[in-house]
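Biologist: I'm new to this one, and I'd like a close look at one thing: the empty space in it and the residues around that space. Please start with whatever term I need to follow you, and give me enough of the rest to find my bearings.

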Amino acid sequence: MRPCLPVLFVTALFFCNTDSTWSQLRRGVVNFDRNDRVFMWQTSNEGDFVLSDKLGLNMKNLLSSTLNMRTGSSVEDRWYHNVNNQAELTYAATNKIDLLFKADEEWNKDTLSEYSESLLNTNFGGAVRYNQSENLMVMGELENTYDTRFDNVDKGSTAKGRIRYDGYPVKSINRIQTKFEVDADKSNLKRKKDQYAVHSEISYAHDFAEITVGANDTRTMRGYFSDIDRKNVEERRQFDQNLTFGITRDDVNIIRNKTAFELIMKFAREKTEDSANDNELSSKYRNNSEIDVKDIQFRTVRKLGRWISYGWEAGYNKNKKDVEKDIRSRTQTDVLTRGDLGITYGQSDSLSVFGKIWRTRIDTPVGVPNDRDELKIESGTAYFHKFSNNFNTTLDFRVLETHYVNIDVSQSSQNKWMKTYLLSPSLVYIPVPFLKLRHEVSLYANYIEYDFEDPLILRSNITRRVASETWIDTELSSKTLLRIGIMVEENDYGNLINTSKKIPVEEGSKRFGDVSVEYNFASWLIMTPQYIYAIRQDWEISRITKLKDMYRREIDQTYGIECKLFKNKMNNYDFIISAKRIVRNTITQPERIRNYISVTLRYGF
């Protein structure tokens, strides 16, 4: 690996000042994961150090290796290594001026890549930051880059500048606030990314609502090596402009006894020009584009008295994308509205109801038969009832209806209706302090009905599923927690005739049982063994004989254990190790064993 001299220099400076250095914050994580045939090792470290009253240092380091084993195939095992080092030295020259020195490198190696190893990037440079006040900041930066991606050496410098203001221009009027920021980057690299960006915003806090107007203009020119020979340099220019207007009253995420609302309007334009646009061999051939976006969103909420609250939102979005290659051009228009109603009676009952209508229209150029409309109508209700402090129930019911319509007659055979119904009651019961019971039932049905059906080739279908899931948590002692989970599911799939008669095609079932015991040996050690038994069975049903033929039977047995050690101040554990083995038996394949191991070590000093 090629060393990054600037990073080594900053590191050496740190060690030279060891006697007068103390660490404010230093932390690291070591991970090892085995996901069957994929192994990954990763180490990351980060530290903030105070070298003196004016001198500070931040360092980051990441090392990772991944092994993808191709056991039993003719392909070699694949190793991928990655190293990333970063260092930033900050010197407070005055109470307003900061000097910064930055250095970073990234290196990788892929054993199956035609570019066997590549020092992706080495950067070092310095910056001056001037904080004229808490509202105004000016920053200048010069960065040197050494880049060898795809065996193409690229080196050069990048100059960056930034001016940012955020404050009240008229001190006597605290209702008017302005934000203004200018960024400029200029480089002499082949893979340069020159950028000029201006962001401005002004807001007025009226007694009734806050009004905000903003404008952005960003122009980017990026250089890249051609995807044809990776030698010639191409340039891509992008122009992004947008204008926003907003009126906001209070926070719409908090329901109060007065109306809160927000109206946000955005108008944007994007343009892309690529120097490879006229090259038929390039993937960028005829890919220049222009995009116009119009977006309007409105939302309001309010609480009516003690028990009732409501919310309503509406939106309109039109995205017009014109690409020189017609097949990539499209205009998408979305219109939606949604209403919410909540009713709360005391602390024991609550009801929420919502309804939503969403229409999408896609228009394509003449000759591209992809025009289509999509209409979604969704509604749902959720009812919560608390019988007592230890027993409550919830009932959730949802309906979604979608209609797809292809405008072009050549695609009209794909026109269809989709109807989805979901009913999910659940309960939580805590009969005694050491026992908790949670049970949930799910009833699901999905209909797909095509507008134009061929009686010889049935496509309309129905999928149904019913599932029951129960979880029991029991504290066997002050140190032992037993968890038991049981799930039973039945499902079927069939074709529809005249949207009413069902022809069975498939049936299936799933079962699983999950048992785990969490034992606290001490405040710093928790061990949890686990066992899961899961079985899945599927049958095909003959249309003639109506007999069932099993084509899938999978039995998975999972044996696992997790160990947590050394609880820290963040309510997490510094050392976690878990191991899991899954044994699968099927009716067609030999027994397969998969192993999963995870080790995590956190440290800080």
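Modeller: Let's begin with the term: a residue is called buried under 20% relative accessible area, exposed over 50%, and partly exposed in between. Lys271 makes a handy test case: its relative accessible area is 31%, so Lys271 counts as partly exposed. Keep in mind throughout that this is a predicted model.

Since we've started with Lys271, let's place it. Lys271 sits in strand β13, which covers residues 260-274. Leaving aside residues up to four places away in sequence, Lys271 is in touch with Arg237, Gln238, Phe239, Ser289 and Glu290. Thr344, on the other hand, is 73 residues along the chain from Lys271, and 50 Å separates their C-alpha atoms.

Now the chain as a whole. You're looking at 28 strands and one helix. The C-alpha trace spans about 80 × 65 × 65 Å along its principal axes. Of the 605 residues, 29% are buried. The chain exposes about 36,100 Å², with carbon and sulfur atoms supplying 55% of that. If you take contacts between residues at least 6 apart in sequence, 50% of them join residues at least 24 apart.

How far does the predictor back all this? The average pLDDT is 88, and 93% of the residues score at least 70. Residues 17-23 have a pLDDT below 50, and beyond near neighbours in sequence this stretch has 11 contacts in the model.

Now for the part you asked about. Rolling a probe the size of a water molecule over the atoms shows where empty space is left. Let's take the open kind of space, then the enclosed kind.

The largest pocket holds about 460 Å³ of space. It is lined by 23 residues, and the closest to its centre are Arg149, Arg191, Lys192, Lys193 and Arg222. By class, 12 of the lining residues are charged, seven are polar and four are nonpolar. To trace the lining along the chain, go to β6 (117-131), β7 (136-147), β8 (154-167), β9 (176-187), β10 (193-205) and β11 (210-225), each of which supplies at least two residues. The largest share comes from β11, with four residues.

Then there's the enclosed space. One cavity of 30 Å³ or more turns up, and the largest cavity has a volume of about 30 Å³. Thr360, Ile362, Arg372, Asp373, Glu374 and Tyr404 line it. Sorted by class, that makes three charged residues, two nonpolar and one polar. Strands β17 (349-363) and β18 (372-388) each give at least two residues to the cavity lining, and β18 has the largest share, with three.

Arg372 is a good residue to zoom in on here. It's one of the residues lining the cavity, and it lies in strand β18. Lining an enclosed space doesn't make Arg372 buried here: its relative accessible area is 26%, so it counts as partly exposed. Ile362, also in the cavity lining, is 10 residues from Arg372 in sequence, and their C-alpha atoms are 5.4 Å apart. Beyond residues up to four places away in sequence, Arg372 touches Arg330, Thr360, Arg361, Ile362, Val405, Asn406 and Ile407. Two of those names, Thr360 and Ile362, appear in the cavity lining as well.

Away from the pocket and the cavity, a few more residues help you practise the term we started with. Asp36 lies in the loop between β1 (22-35) and β2 (38-50), and at 11% relative accessibility it counts as buried. Its phi is near 60 degrees, a positive value in a residue other than glycine. Phe566 has a positive phi too, about 65 degrees, and isn't a glycine either. This residue belongs to strand β26, residues 548-567, and at 41% relative accessibility Phe566 is partly exposed.

Thr545 sits in the loop between β25 (525-541) and β26. With a relative accessible area of 46%, Thr545 is partly exposed as well. Leu395 is 150 residues from Thr545 along the chain, and the two C-alpha atoms are 40 Å apart.

Methods
Residues numbered from 1 in each chain as written. Predicted model: local features only at pLDDT ≥ 70, side-chain atom pairs only at ≥ 80, totals over all residues. Heavy atoms only, no water. 1 Å grid on protein atoms, 1.4 Å probe; cavity = no way out; pocket = protein on both sides within 12 Å on 5 of 7 lines; lining within 4 Å. Points joined across faces, edges and corners; volume = space filled by probe spheres on them. Nonpolar A, V, L, I, M, F, W, Y, C, P; charged D, E, K, R; others polar. Buried < 20%, exposed > 50% of the residue type's maximum accessible area, 1.4 Å probe, protein only. Contact = heavy atoms within 4.5 Å. Areas by Shrake-Rupley, 256 points an atom, 1.4 Å probe, with all protein chains shown as cover. pLDDT = per-residue confidence, 0-100.
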